[in-house]
Amino acid sequence: MAEKKKKIIKTIKVDVDKCNGCRACELVCSAFHATPKYSSNNPARSRIRVIHEPLRDVYVPVYAGEYAKAECMGRDKYMIDGKEYDECAFCRASCPSRDIFKEPDSGLPLKCDMCEDDPPQKEPLCVQWCLNDALIYEEREEEVEEEVKQEDVEIGLESMIDKYGLEKIMDTVNRLSLAKKA
Ligand code: SF4
Ligand code: SF4
């Protein structure tokens with residue numbers, strides 16, 4: 001079952017052509033997420049990594065996405081401007097086959113959280129620090145379908161039955177369906 005809810009959708013548009021590989025985004029992300037905040041900076045702890053392919057002359061900022069428990073059997077391979085890139089080169093997952101997007105000490109997966117903080121940031125820090133405008137932040141409001149968990153429905157139904165009794169609930173459902181048909 002799904003119901004409509006209003007949500008703020010946050011996106012960061014990546015303009016690969018403008019990225020010069022300065023890695024300011026990696027530094028500020030790792031510093032922002034350090035404990036205590038800004039106490040260290042280590043790109044290996046960043047939730048954005050700039051994939052550099054020197055021979056093919058490209059820098060591609062990639063955001064850490066979902067954690068994958070197992071390597072996937074279907075791999076992706078990109079061709080950009082006629083040049084072929086390594087398998088999984090731009091994948092966002094933290095997965096067992098690579099070291100990228102893993103906390104270097106613990107091996108725990110890292111995921112971009114859009115710099116969610118209290119108080120909230122005006123814009124994600126990597127966007128603020130990208131002086132080349134390769135990262136562009138956008139927000140929009142959207143109606144999205146929110147999955148209602150089956151167990152929540154069952155708990156709700158159970159408490160209504162406790163409160164009103166099964167017979168009364170069935171009566172109401174019958175009356176409603178008759179009214180709908182009329
Ligand atoms: S800060 Fe911007 S230009 Fe520098 S590496 Fe990151 S995305 Fe590229
Ligand atoms: S949005 Fe925040 S958490 Fe995500 S990569 Fe940028 S600085 Fe890191």
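This note covers the two ligand sites, one strand pairing and an aromatic cluster in a predicted model.

1. **Ligand 1, location and shell.** Ligand 1 sits in the largest cavity. Its surroundings include a run of neighbours in sequence: Cys 19, Asn 20, Gly 21, Cys 22, Arg 23, Ala 24 and Cys 25. Val 50, Pro 61, Cys 130, Asn 132 and Leu 135 complete the shell. By class, that gives 8 nonpolar, 3 polar and 1 charged residues.

2. **Ligand 2, location and shell.** Ligand 2 occupies the second largest cavity. Around ligand 2 are Ile 12, Cys 29, His 33, Arg 47, Ile 48 and Tyr 63, together with Cys 112, Asp 113, Met 114, Cys 115, Pro 124 and Cys 126. The class count here is 9 nonpolar, 1 polar and 2 charged residues.

3. **Strands 2 and 3.** Strand 2 covers residues 48–53 and pairs with strand 3 in the antiparallel sense. The pairing runs over 6 bridges. One of them joins Ile 51 to Val 60 in strand 3. Strand 3 spans residues 58–63, and 5 of its 6 residues are buried, so the strand is largely enclosed by the rest of the structure.

4. **Contacts from these strands to the ligands.** The shell of ligand 1 includes Val 50 and Pro 61. The shell of ligand 2 includes Ile 48 and Tyr 63. Ile 48 and Val 50 fall within strand 2 (residues 48–53). Pro 61 and Tyr 63 fall within strand 3 (residues 58–63).

5. **Aromatic pairs: the edge-to-face case.** How many aromatic pairs does a search of the whole structure find? There are 3. In one of them, the ring centres of Tyr 78 and Phe 90 lie 5.2 Å apart, and the planes meet at 85 degrees, so this pair is edge-to-face. Tyr 78 is in the loop between strand 3 and strand 4 (79–80), while Phe 90 is in the loop between strand 5 (83–84) and helix 2 (125–129). The pair therefore ties together parts that are 12 residues apart in sequence.

6. **Aromatic pairs: the tilted case.** Phe 90 also pairs with Tyr 85. The centres are 5.4 Å apart, with 50 degrees between the planes, and the pair is tilted. Tyr 78, Tyr 85 and Phe 90 form one aromatic cluster.

7. **Exposure within the cluster.** Which of the cluster's rings are buried, and which are partly exposed? Tyr 85 is buried, at a relative accessible area of 3%. Phe 90 is buried as well, at 11%. Tyr 78 is partly exposed, with 38%.

Methods: Residues are numbered from 1 along each chain as its sequence is written. Chains are lettered from A and ligands numbered from 1 in the order in which they are written. This is a predicted model: local features need pLDDT of at least 70, side-chain atom pairs count only at pLDDT 80 or more; totals for chains, interfaces and linings use all residues. Side-chain values use heavy atoms; hydrogens and water are left out. A residue is near a molecule or strand if one of its heavy atoms lies within 4 Å of it. On a 1 Å grid over the protein atoms alone, a cavity is a set of points where a 1.4 Å probe fits but cannot get out, and a pocket is an open set with protein on both sides within 12 Å along at least five of seven lines; lining residues have an atom within 4 Å of a point. A molecule sits in a cavity or pocket if more than half of its atoms lie within 2 Å of its grid points. Ala, Val, Leu, Ile, Met, Phe, Trp, Tyr, Cys and Pro count as nonpolar, Asp, Glu, Lys and Arg as charged, and the others, Gly among them, as polar. Buried means under 20% relative accessible area, exposed over 50%, partly exposed in between (1.4 Å probe, protein chains only). Helices (H or I, at least four residues) and strands (E, at least two) are DSSP runs, numbered from the N terminus. Two strands pair if DSSP finds at least two bridges between them. Rings of Phe, Tyr and Trp (its six-membered ring) pair if their centres lie within 6.5 Å; planes under 30 degrees apart count as stacked, over 60 as edge-to-face and the rest as tilted.
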